[in-house]
Amino acid sequence: MGEMEDLRVTECTRCPALVDSRSQIVNGVGPEDADLLFVGEGPGANEDEQGEPFVGRSGSVLDDGLRTVGLARADVRITNCVRCRPPENRDPTTEELEHCRDYLEREIDHLDPEVIVTLGKVPSEHLLDRSVAVTKEAGSLEEVRINGTPQRLLICVHPAATLYDRSQAETFENALQRAADLAGVDDSEGGQTRLDGF
């Protein structure tokens with residue numbers, strides 16, 4: 001059904017449509033003790049090809065956004081709700097999300113991050129278990145129980161949203177800044193003090 005070792009899913013045939021459409025399983029990347037865990041929806045074509053989440057244009061936006069708030073991609077953990085590319089990049093179905101849920105929960109349990117940042121509608125709704133107006137709610141912090149353990153979850157717009165709508169760029173950056181603050185990241189070495197812009 002599914003094998004997981006060291007947070008990596010090595011074998012899984014739970015979702016027949018995804019087994020057919022994937023070229024590989026795309027696992028999370030980043031330190032296994034990261035304070036920040038970013039959760040996306042699922043792999044697209046670039047991710048499926050390279051075997052890493054958030055590569056390609058969305059990945060560049062995420063990397064740039066992280067740098068702006070004093071973080072590097074290597075400092076954070078990045079994963080997805082589903083680890084296999086859905087055909088034609090459609091949204092994962094409820095059933096597919098459920099099939100992959102325990103892998104995500106095991107990853108969250110193991111990391112025990114300071115903050116889980118959900119990138120976009122699908123991961124936000126999946127982990128909060130309610131409908132989410134991401135643009136309106138971006139930057140808001142919620143408490144969720146994952147496997148019975150309370151975790152802090154910060155809603156964020158998907159990095160790709162900033163490519164189509166410039167006003168989303170500020171929303172995205174503000175949410176990342178809040179995530180960095182919550183995780184205790186000090187970006188003062190970047191020459192910017194926290195008082196800038198107040």
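Here is a short walk through this predicted model, one selection at a time.

Start by selecting residues 27-177. An unreviewed UniProt entry annotates this stretch as "domain: Uracil-DNA glycosylase-like". The span is 42% helix and 19% strand, and its end C-alpha atoms sit 25 Å apart.

Now pick out strand β7, residues 149-156, and add β5, residues 115-119. These two run in the parallel sense and share four bridges. To see one of those partnerships, click on L119: its bridge partner in β7 is C156.

Keep β7 on screen and bring in β6, residues 141-146. This time the pairing is antiparallel, over six bridges. Look for E143, which stands opposite R152 in β7. Then follow the chain round the corner: β6 and β7 make a hairpin with two residues between them, and N147 in that turn has a positive phi of about 55°.

Next stop, helix α8, residues 167-182. With 16 residues at 1.5 Å each it should span 22 Å, and its end C-alpha atoms are 24 Å apart, which agrees. Which residues of α8 are buried? Select Q168, A169, F172, A175, L176, A179 and A180. Turn the view to look down the axis of α8: these buried residues fall within an arc of 140°, so they line one face of the helix. Over on the other side, S167 and E170 are exposed.

What covers that buried set? Show β3 (36-40), α3 (56-68), β5, α6 (134-137), β7 and α7 (161-164), which are among the elements doing so. So β5 and β7 from the earlier stops turn up again here.

Finish at G184, which follows α8 and has a positive phi, near 75°.

Key:
Residues are numbered from 1 along each chain as its sequence is written. This is a predicted model: local features need pLDDT of at least 70, side-chain atom pairs count only at pLDDT 80 or more; totals for chains, interfaces and linings use all residues. Side-chain values use heavy atoms; hydrogens and water are left out. UniProt positions are given in the numbering used here, feature names are shortened, and annotations may be inferred rather than shown by experiment. Two strands pair if DSSP finds at least two bridges between them. The expected span of a helix is 1.5 Å times one less than its number of residues. Buried means under 20% relative accessible area, exposed over 50%, partly exposed in between (1.4 Å probe, protein chains only). The arc is that of the directions from the helix axis to the C-beta atoms. Contact means heavy atoms within 4.5 Å.
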